[in-house]
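Colleague: I am new to this structure. Could you walk me through how to read it?

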Protein chains: 2
Amino acid sequence: MSTIAMVKAAEKRLKGNVRRTPMLTSPFLDEVAGRKVLVKAECLQHTGSFKFRGAWSAISALPKEDRARGVIAFSSGNHAQGVALAASMHKTKAVIIMPEDAPKIKIENTKALNAKVVLYDRAGGEDRDEVANKINEKENLCLIKPFDDPEVIAGQGTTGIEITFQAKDLKVRDADVLVCTGGGGLASGIALALKEYSDNLRVRTVEPKGFDDYAHSLRAGRPVVNKNVTGSICDAIITPTPGLLTFPILNRLAGPGLVVTDEECLNAMALAFKCLKIVIEPGGAAALAAALFHGEYIDGNAVIAVATGGNVDKDMFAHALSKYGEI
Amino acid sequence: MSTIAMVKAAEKRLKGNVRRTPMLTSPFLDEVAGRKVLVKAECLQHTGSFKFRGAWSAISALPKEDRARGVIAFSSGNHAQGVALAASMHKTKAVIIMPEDAPKIKIENTKALNAKVVLYDRAGGEDRDEVANKINEKENLCLIKPFDDPEVIAGQGTTGIEITFQAKDLKVRDADVLVCTGGGGLASGIALALKEYSDNLRVRTVEPKGFDDYAHSLRAGRPVVNKNVTGSICDAIITPTPGLLTFPILNRLAGPGLVVTDEECLNAMALAFKCLKIVIEPGGAAALAAALFHGEYIDGNAVIAVATGGNVDKDMFAHALSKYGEI
């Protein structure tokens, strides 16, 4: 069970190790959205995504002797890099199980951060848990789950603490906080923080069309499973169903889920390039896409979008610029 | 005459209006450079460059009745946008004289920030001062110079105050601070701040090959003029000669100037995309290029590079990624 006390404890452990990412704004984005847009640039976090927060939180919370044996994780890429760097900074080893169709940049970066990378065939239906279990039979490494772990959720929640204070500095006290959502680790952590530190900031999940298990689940009041497992460029957030720990938190605290198309994400990437000078990956652009192109489902004079990651291959980024970068 | 007292006063006026940009790092960049690399991401400043600081400083320092008449500026683009936004936030009008070969994104953004834009033919030898004077005969607007103005230098110097504290946080106390340099407003402002707030941080100018008037001038001890006026992709920093106010400051406080090629700037842009998730324009990448590729001219275990701006057309950015973005 994740609690706000765990988020506060994680904040203390992360202090000095995690980057306080900036909250960016642009009059041009405000114009597109028809309201003030605040962008929490977690793509500027260590390893290029918010995942470093949860990874650091979980690894720093392990008993010393467990941590010394090393950690294992499975991930399409951003969690992989977060765990690899956090493990390396804790001077322990990391084994990462990655789908072989993950973006090259994520696989290469994970290797370069001193992790041992094992690839599996996601599209062909190979089960990542089995792959991980097989490796772990021998080594007894500590599994760092990508979202369904109380310490991971607590670490991601530190983003929410920063959001409340940065929004206050920018005089925004009443707004939807849009979060790109896969398993829901970041969204649920932020939801816990907003409940504690703000009166009128509310989490909204944002997902790619066809992978909107959270939107369906929040409507149904129970976890729903997506039909597809691949088929979106938003590789970072195409998990099949809400997490066991994350769903109850969001079912209690989040507003209705939002859904965006891949094309809207590419468009948001190009606008972030032009107006904010940050690099966002497709899955990390979903929240900004919702803020810019689905304003009819959002309340208030301002909206906060979390740009969750920036680990995108150059060809995909160039594609976004060529398609939507006209000024 | 610019003084540290003016930098401190500018800091007070800028507080709450300027963004405290992050100091970014990446283990991958450290590996390329062979030492710790800290990147002060001023491309994330309002309007996408440090120029907003100087513009705000100068406009906020004007007597009220002068400010009410409006301001005028000439600029290849970044100063233009800084002045346009700062004027608009001060609820006064701005007229901006821009060369017609400036990047489209800079011209369009300046217009979108409510400034009146007047284009002139830089390559054809039209004199921007004459163009400005002609307009100003009627309107009596206050000229906001791009660098040779004590209040502009003071505003840019606030970057240096932030650098000293952020470097300390990252345990870097002895390092060269590389600054992309055109007229020298930012470099001289930072130099004043470093002298006051640090013991062992020193400014170094960085310029494109063929436009290295500061490198020559610092060596000669007197201002030298470049032979060419166009011919580099680093449009933001190809001023012909050091400023009258900026040169004496840098002649006293800066180390030897560094010089980089356009290709090295493109390479640095691609590495910043990959490792830092920020968008830098060619002229804004010069300092990072020097840090990464000219380490033999730099002392110490760490180096600080100011990424001064991010206003780059999509085609130029895609070109950098396609040429140097391989992983």
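Colleague: Let us start with the two chains. What rotation superposes chain B on chain A?

Modeller: Keep in mind that this is a predicted model. In general, two copies of a chain are related by a rotation about an axis and a shift along it. Here the rotation is 180°, the shift along the axis is 0.0 Å, and chain B then fits chain A with an RMSD of 0.0 Å. The two copies are thus related as by a two-fold rotation axis.

Colleague: Which residue of chain B comes closest to the rotation axis?

Modeller: That is B:Ile278, with its C-alpha at 2.3 Å. The same surface serves both copies, as 100% of the contact residues of chain B recur in chain A.

Colleague: How many residues does the contact take from each chain?

Modeller: A word on interfaces first. Their size is often given as the accessible area lost when the parts come together. Here we count residues instead. Chain B gives 24 residues and chain A gives 24 residues.

Colleague: Which elements give two or more residues to the side of chain B that touches chain A?

Modeller: Look for α6 (104–112), α12 (262–275) and α14 (314–324) of chain B. The largest share comes from α14(B), with 5 residues. By class, this side of chain B has 14 nonpolar, 4 polar and 6 charged residues.

Colleague: Now within one chain. Into which domains is chain A divided?

Modeller: Domain 1 covers 4–50 + 149–324, and domain 2 covers 52–143. Their centres, taken over C-alpha atoms, are 23 Å apart. In the contact between them, 27 residues of domain 1 of chain A meet 22 residues of domain 2 of chain A.

Colleague: Which element supplies the largest share of the domain 1 side in chain A?

Modeller: α8(A) does, with 7 residues. By class, the side of domain 1 of chain A that touches domain 2 of chain A has 8 nonpolar, 14 polar and 5 charged residues.

Colleague: On to sheets. In what order do the 4 strands of the open sheet in chain B lie?

Modeller: Strands of a sheet pair through backbone hydrogen bonds, either parallel or antiparallel. In chain B the order is β5-β4-β3-β6, and the pairing is parallel. β5 (116–120) and β6 (142–143) of chain B each have a single partner strand, so one side of each is left without a neighbour in the sheet.

Colleague: How many bridges join β4 of chain B to β5(B)?

Modeller: There are 5 bridges between β5(B) and β4 (residues 94–99) of chain B. Among the residues involved, B:Val95 has B:Lys116 in β5(B) as its bridge partner.

Colleague: Take strand β3 of chain A. Are its residues buried or exposed?

Modeller: Both faces of β3 (residues 71–74) of chain A are covered. A:Val71 and A:Ala73 are buried on one side, and A:Ile72 and A:Phe74 are buried on the other. β3(A) also pairs with β4 (residues 94–99) of chain A, parallel, over 4 bridges. There A:Ile72 stands opposite A:Val95 in β4(A).

Colleague: Last, a helix. How far does α7 of chain A reach from its first C-alpha to its last?

Modeller: An α-helix has 3.6 residues a turn, so residues three or four places apart point the same way. Helix α7 (residues 128–139) of chain A has 12 residues and reaches 17 Å, close to the 16 Å expected at 1.5 Å a residue.

Colleague: How many of the 12 residues of α7(A) are buried?

Modeller: The number is 0, so α7(A) lies largely in the open. Next comes A:Asn140, with a positive phi near 55°.

Definitions and conventions. Residues numbered from 1 in each chain as written. Chains lettered and ligands numbered in written order. Predicted model: local features only at pLDDT ≥ 70, side-chain atom pairs only at ≥ 80, totals over all residues. Least-squares fit on C-alpha atoms with pLDDT ≥ 70 in both. Contact = placed C-beta atoms within 7 Å. Expected span 1.5 Å × (residues − 1). Buried ≥ 20, exposed ≤ 12 C-beta atoms within 10 Å, placed from the backbone. Domains from an automatic or database assignment. Nonpolar A, V, L, I, M, F, W, Y, C, P; charged D, E, K, R; others polar. Pairing = 2+ DSSP bridges.
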